[in-house]
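Q: I would like to learn how to read a protein model feature by feature. Could you walk me through one?

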Amino acid sequence: MPRVAVIGAAGNAGRRHCAVFADAGYWIDAVERGNDWRGIVLESDVVSICTPDDLHAEMTIYALEHGKHVICEKPLTHRMDELDAIEAAARKADGQTFSTNFPLRHVPLSEPDFSPWWVDCGYEHGRLDAYRNGWRSGIKRYSPMAGGGIHLVDLVVCGFRGEPKALGRSVSHEPNSPPHWEQMGLGIGNVHVRVTCNFGFNGRHRVWMIAWGVDGPHVILD
């Protein structure tokens, strides 16, 4: 029976990962917290990383360097130097799989004879209570775009041709709390994109995208 180490199993994402791996017939080694994760990683075939963002890079690199298949919750990291280190470890991997969750890049963006010039999209997740009381409240520079809006950034960068260029960024937050609303602009070829990520409310989860072309607006995703 294959073994999976679910690191951060006590959280919401960790519980979901445990359930999915159990359904797939894996033996689960659940690590809730502490520094004992390295030994369990070495005993496993697959490593599932569901910890707070600032721990992702160290755990991902360690697992890859020790020949393990890895799935890591997004975002992989908030730092470019850590991203470079993760990429280097992944390129040196000896055949194992490395992935992150919930990629939207496979959603088709275009319709026949439809070439958009303006795209507006949003990632809305009502988790304000979790922001105020959870682990995100301890990260002063937490980015909603990296934690949620990155799904849409990934989608538009992979879906539209051209080198992406940042056009601007704005954030909003309550006093003494991390940002809970973030917006950024991107230029990708001839397409201008606005991405908004909003965690600053308590409500349902929604991901949406509207694209404008010469024929008017088209709902691409909702």
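Q: Which element gives the largest share of the lining of the largest pocket?

A: A word on the source before we start: this is a predicted model. As for finding pockets, rolling a probe the size of a water molecule over the atoms shows where empty space is left. Here the helix to look for is α6, which contributes eight residues, the largest share of the lining of the largest pocket.

Q: What is the volume of the largest pocket, and which residues are the closest to its centre?

A: Its volume is about 1400 Å³. Forty is the number to keep in mind for the lining: of those 40 residues, Pro-75, Thr-77, Leu-83, Ala-146 and Ile-150 are the closest to the centre. Besides α6, the elements that give two or more residues to this lining include α4 (80-91), β5 (98-100), β7 (164-172) and β8.

Q: How do the residues of that lining divide into nonpolar, polar and charged?

A: The lining of the largest pocket has 21 nonpolar residues, eight polar ones and 11 charged ones.

Q: Pro-75 came up at the centre. Where is Pro-75 found, and what kind of peptide bond joins Lys-74 and Pro-75?

A: Start with the general expectation: most residues other than glycine have a negative phi, and most peptide bonds are trans. In this model, the bond joining Lys-74 and Pro-75 is cis, with omega at about -10°. Pro-75 sits in the loop between β4 (69-72) and α4.

Q: Let's follow that loop into α4. How does the reach of α4 compare with what is expected at 1.5 Å a residue?

A: α4 has 12 residues, and from its first C-alpha to its last it reaches 16 Å, close to the expected 16 Å.

Q: Which residues of α4 are buried, and which exposed residues does the face turned away carry?

A: Take buried to mean under 20% relative accessible area and exposed to mean over 50%. In α4, Glu-82, Ile-86 and Ala-89 are buried. Looking down the axis of α4, you find its buried residues within an arc of 65°, so they line one face of the helix. The face turned away from that buried side carries Met-80 and Arg-91, which are exposed.

Q: Now α1. What span should its 12 residues have, and how far apart are its end C-alpha atoms?

A: At 1.5 Å a residue, α1 should span 16 Å, and its end C-alpha atoms are 17 Å apart, which agrees. The buried residues of α1 are Ala-13, Gly-14, His-17, Cys-18 and Phe-21. Down the axis of α1 they fall within an arc of 140°, so they line one face of this helix. On the other side, Val-20 and Asp-23 are exposed.

Q: Which element gives the most to the lining of the second largest pocket?

A: That is α1, with seven residues. The second largest pocket holds about 1000 Å³ of space, and 45 residues line it. Nearest its centre lie Asn-12, Ala-13, Gly-14, Cys-50 and Glu-73. By class, this lining has 20 nonpolar, 15 polar and 10 charged residues. Among the elements that supply at least two of its residues are α2 (37-42), α3 (56-65) and α6.

Q: Turning to the interior, which members of the largest nonpolar core touch the most other members?

A: The general idea is that in soluble globular proteins, nonpolar side chains tend to be buried together. The largest nonpolar core here has 25 residues, and Leu-152, Val-193, Val-195 and Met-209 touch the most other members. Elements that each supply at least two of its residues include β6 (118-124), β9 (191-198), β10 (206-213) and β11 (216-221). The largest share, five residues, comes from α6. There is also a second, separate core of 19 residues, which includes Trp-37, Val-70, Cys-72 and Ile-86.

Q: Is Ile-220 buried or exposed, and where is its place?

A: Ile-220 lies in strand β11. Its relative accessible area is 16%, so with the cut-off for buried at under 20%, Ile-220 is buried. Ile-220 and Ile-210 are 10 residues apart in sequence and 5.6 Å apart in space, C-alpha to C-alpha.

Q: For contrast, how accessible is Gly-203?

A: Gly-203 has 38% relative accessibility and counts as partly exposed. Its place is in the loop between β9 and β10. Gly-203 and Gly-189 are 14 residues apart in sequence and 35 Å apart in space, C-alpha to C-alpha.

Terms used:
Residues numbered from 1 in each chain as written. Predicted model: local features only at pLDDT ≥ 70, side-chain atom pairs only at ≥ 80, totals over all residues. Heavy atoms only, no water. Core = buried A, V, L, I, M, F, W, Y, C linked by side-chain atoms within 4.5 Å. Buried < 20%, exposed > 50% of the residue type's maximum accessible area, 1.4 Å probe, protein only. Helix = DSSP H or I, 4+ residues; strand = E, 2+ residues; numbered from the N terminus. 1 Å grid on protein atoms, 1.4 Å probe; cavity = no way out; pocket = protein on both sides within 12 Å on 5 of 7 lines; lining within 4 Å. Points joined across faces, edges and corners; volume = space filled by probe spheres on them. Nonpolar A, V, L, I, M, F, W, Y, C, P; charged D, E, K, R; others polar. Expected span 1.5 Å × (residues − 1). Arc of directions from axis to C-beta.
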